[in-house]
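Work through the exercises below with the model in view. Try each task before reading its solution.

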Amino acid sequence: MQAPACVPPANSCAPLLLRLHIACDLVAGFGQQHHGKKKGYLHFLEPHTSGWVRRYVVVRRPYVYLYRSERDSVERAVINLSSAKVEYSEDKQTLLRTPNTFAVCTEHRGILLQASNDKEMHDWLYAFNPLLAGTIRSSSPGESQSSRSRPLRGCER
């Protein structure tokens, strides 16, 4: 494995390069957190039982990996985000009486997901689809609920 470009060579001016190396680490660390990498638990609406199931989710764009728990070493499902559609609708949340939900629609099925709170939902939306999350965050507080909604369509193909 080749060292990153910001790692100083061993036979160089150590004090100056050490500071540069630390700066490179800080920049690299900042970027990693904000490029579609997120881990944690989400609730999934089970289609056959109409109940919610808690699953451990890892987002490494363009893929979402689903596990039964954090300790599960077997990927139970994989979603390719480049061919899926992430959708969010405040109107749908009100209609279903399920806050902090969004949907992921693939070619074969639609999946309704629920986060524990509003902040977590926006963090998950950002990991799944940064552009969609940005449009929701940028909506001004004075707008009506329906004007900020993103329709949940396209799941039924």
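**Exercise 1: the largest pocket**

β4 supplies four residues to the lining of the largest pocket, the largest share. This is a predicted model: local features need pLDDT of at least 70, side-chain atom pairs count only at pLDDT 80 or more, and totals for chains, interfaces and linings use all residues. Residues are numbered from 1 along each chain as its sequence is written, and side-chain values use heavy atoms, without hydrogens and water.

Task: describe the lining of the largest pocket.

Solution.
1. Fix the terms. A pocket is an open set of points on a 1 Å grid over the protein atoms alone, where a 1.4 Å probe fits, with protein on both sides within 12 Å along at least five of seven lines; lining residues have an atom within 4 Å of a point. Strands (E, at least two residues) and helices (H or I, at least four) are DSSP runs, numbered from the N terminus.
2. Count the lining: 19 residues. Nearest the centre lie L66, A77, I79, R109 and I111.
3. Find the elements giving two or more residues: β1 (37-45) and β4 (77-80).

**Exercise 2: the loop between α2 and β6**

Task: in this loop, is R97 buried or exposed, and is N100 buried or exposed?

Solution.
1. Locate R97 between α2 (90-96) and β6 (101-105). N100 is in the loop between α2 and β6 too.
2. Read phi. R97 has a positive value near 55°; N100 has one of about 60°. Most residues other than glycine have a negative phi.
3. Apply the cut-offs: buried is under 20% relative accessible area, exposed over 50%, partly exposed in between (1.4 Å probe, protein chains only). R97, at 76%, is exposed. N100, at 12%, is buried.
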